[in-house]
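Student: Please take one part of this structure and go through it closely. I want the backbone geometry, the strand partners and the packing around it.

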Amino acid sequence: MTRSRLSSAAAVTAAALVAAHPVLGNVFEPHGSARLVRSGSGPLFDLRALAIGGGATRSVAIRNAGRWPVLMRFSASTLGSASLATRLRIRVSIGRKTVYSGPLATLRSRALGRLSAGARSTYVFRVSLPTAGSPALDNPLQGTRVTARFTWSAVGG
Amino acid sequence: MRRPRVTVIVVLASLAALACGGATRMSSAAFTSNLSVNGNAITVDAVSNYFQVMPGTAVQPGTSTPIATGSVNTLSLAFGTVPSAQTFTNVFTVKNVSAQTQTATLGLSGVGQLASAAFASSGTASATLVSGASSTVQMTTSSTVAGLGSGTLRLGLGGSTWLYRDYGATVTEAPEAPTSVTATSQPAAAIHVGWAASSTTVNLSGYDVYRATGAGPFAKITVSPVSGTSYTDATATDGTTYTYKLRAVATGGAASVYSGTAAATADGIAPSGPTAVTLANGGGQGSAYINLANESGVSVSVTLPASSVASDTVRVTLSNGAASVSKTAPAPAGGGSVTVSAINASSLADGTVTISATSSDTVGNVSTNRTTTAPKDTVAPGAPTASYVDVKNVADEITGVAEANASLVANQTAPSASGPYSATADAAGSFTITVAVLKHLTVTYVVTATDAAGNASAATTATFADVQ
């Protein structure tokens, strides 16, 4: 019992360190079975004056840094202006394959398929704000803001 | 052998990670790892990225309340009650806060009481401002639309159709005051007040009329706004001088500034009436007739009392049934007779014509009238018949039939001229004219009949052989 408690306590400490590591960030692989890392750092988008008819494209590479293949999923969530999230169009693609294309507001969880150990996929995000058809419909959007979180989930084992 | 230990460790590690805010989860069947990219912020462009808006110094008329309040996203414009169309300078200021030159535009909608909005820097509704530059905005209220108005003033970014801010604007605009006010005395001490219409054409309810007696204060004398451009004051007193001014009133009650003034003295006294009226150029028996010869140029003599003045006007009216004709002439100062001539009575039917005369003053007060009558007869009698009665050794005779009571005249034209010989037809029209004594000659007479009105018939020419 004593030995078992010590082992458990050590494991908890190690896991906590890994999870809170400033470099590893939100990459966590308690025993190496699933581990995702990204290219770059920080948010993909920081658009401060997006115009009607305007847009921006960003990309990020996600690598399976674990030792086993994983099944990948992608999802997004938003905070802020619901009307803007509804009007914003986002297209997420991997190469020529489109993962999602439509309003940001309706982007939910999407299955991405298998990602081999050590493999990487580059995701291209295209955000655009099309006109609603008239200045009177576009005008109310001015100054509105939405913040999105993009999440990749790997399932292995 | 190792699997249970690993499972325990992973479970504990995952719990620890969750406790530390991490994103990795694990089930007993599978390992999972989540990677999130947070804080992807997208903000839509806005007018505030280009312009700063600051309320100006313009205040609502008669108050110290600023017209504009708020800022670029919240500006509101309240002009209060504006008594007359005017331009408000420095209603608010627009400053280019971007790093590049920008064009700002202004547009009014839904509020006709505001005629225009313009940048002081350009004098138009568009101004190009370099980075950091600013311009005040001036606004002019309408001279044609009155009443309460509520609409928007749009501040837009040049080159963009959708980047703009709409600012609520309210104003109660009074109509413009009427101009060219006149006051004119009317008969029976009434005073007619006239004016040129207000330039305001929308939401104009009418005009309030104000009156001052002598040097006294003005008081409104109309119960409700008067439509049109005149008003008759029937409450004036003869001999009293009144001064009038007006205000135009908008729907909702906003009143204009006062118009200019006009004064008039009430006059309710009519001149004394004519003392006599007679037909001056009558024809026929007693010179009492209007006949074929004088109907297009009737003359009437009117006698006026000594109170008559030169500014009075004599009016003579001839009427017969529904038709009438009139003519005027200046009255003689100090009284006496005046002849009103060349009155064309051709349009009046034959019968009894009533001749009336009045005298009126410059205000239009009309005296009592004096009347007389004259028969009108413009129908000439038919040509008489004529027969010769050869009487031995005494005067011969011409007999015949003509219009009853007509006067007959016969003139001998051959073998020599003699006459005239006259007679009067009896009530049956029969007549006998005694003519010259002739013997053994062929004689020619021309016979005409003239009625009482003086109308002469066509001539009857008859040639007879006198044998005894």
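Tutor: Start with the hairpin of S5(A) and S6(A), in a model that is predicted. The two strands have 2 residues between them. In the turn, A:Gly95 has a positive phi of about 60°. Strands here are DSSP runs of E, at least two residues long, numbered from the N terminus. Residues count from 1 along each chain as its sequence is written, chains are lettered from A, and ligands are numbered from 1, both in the order in which they are written. Local features need pLDDT of at least 70 and side-chain atom pairs count only at pLDDT 80 or more, while totals for chains, interfaces and linings use all residues.

Now the pairing (two strands pair if DSSP finds at least two bridges between them). S5(A), residues 89-94, runs antiparallel to S6(A), residues 97-103, and 6 bridges join them. A:Ile90 has A:Gly102 as its bridge partner in S6(A). S5(A) also pairs with S8(A), residues 120-128, again antiparallel and over 6 bridges. There A:Ile94 has A:Tyr123 as its partner.

A:Leu88 leads from the hairpin into the packing. Setting aside residues up to four places away in sequence, A:Leu88 touches A:Pro103, A:Leu104, A:Val127, A:Leu129, A:Val146 and B:Ile42. Contact means C-beta atoms, placed from the backbone, within 7 Å.

A:Leu88 is also one of the best-connected members of the largest nonpolar core, which has 95 residues. B:Val47, B:Phe51, B:Leu77, B:Val91, B:Val137 and B:Leu155 share that rank for touching the most other members. The strand that gives the most to this core is S17(B), residues 241-250, with 6 residues. A core is a set of buried Ala, Val, Leu, Ile, Met, Phe, Trp, Tyr and Cys residues joined through C-beta atoms within 7 Å. Buried means 20 or more other C-beta atoms within 10 Å of a residue's own; 12 or fewer means exposed, and partly exposed lies in between. In soluble globular proteins, nonpolar side chains tend to be buried together. A second, separate core holds 23 residues, among them B:Val277, B:Val298, B:Val314 and B:Val338.

Two contacts of A:Leu88 also meet each other across strands. A:Val146 stands opposite B:Ile42 in S1(B). S9(A), residues 145-156, and S1(B) run antiparallel, joined by 11 bridges. Both belong to an open sheet of 5 strands in the order S2(A)-S1(B)-S9(A)-S4(A)-S7(A), with mixed pairing. The edges are S2(A), residues 46-50, and S7(A), residues 110-115; each has a single partner strand, so one side of each is left without a neighbour in the sheet. From one strand to the next, the twist averages 25°. Axes for this are lines fitted to C-alpha atoms, and angles run from 0 to 180 degrees between N-to-C directions.

Follow S1(B) onward. B:Asn49 lies in the loop between S1(B), residues 31-44, and S2(B), residues 51-55. B:Asn49 is partly exposed because 18 other C-beta atoms lie within 10 Å. Neighbours within four places in sequence aside, B:Asn49 is in contact with A:Ala49 and B:Ser98. B:Val97 is 48 residues from B:Asn49 in sequence, yet their C-alpha atoms are 7.0 Å apart.

Next, return to B:Val277 of the second core. With B:Leu279, B:Val277 makes up the covered face of S19(B), residues 276-279. B:Ala276 and B:Thr278 form the uncovered face. S19(B) runs antiparallel to S21(B), residues 298-304, over 4 bridges. B:Ala276 stands opposite B:Thr303 there. The loop between S19(B) and S20(B), residues 290-291, contains B:Ser287. Its phi is positive, about 50°, although B:Ser287 is not a glycine. B:Ser287 counts as partly exposed because it has 14 C-beta neighbours inside 10 Å.

Compare the backbone elsewhere in chain B. B:Asn405, also not a glycine, has a positive phi near 65°. B:Asn405 sits in the loop between S28(B), residues 397-401, and S29(B). A cis peptide bond, omega about 5°, joins B:Ala414 and B:Pro415. B:Pro415 is in the loop between S29(B), residues 407-414, and S30(B), residues 418-424. The bond from B:Gly419 to B:Pro420 is cis too, with omega near 5°. B:Pro420 is in S30(B).

Conventions. Contact = placed C-beta atoms within 7 Å.
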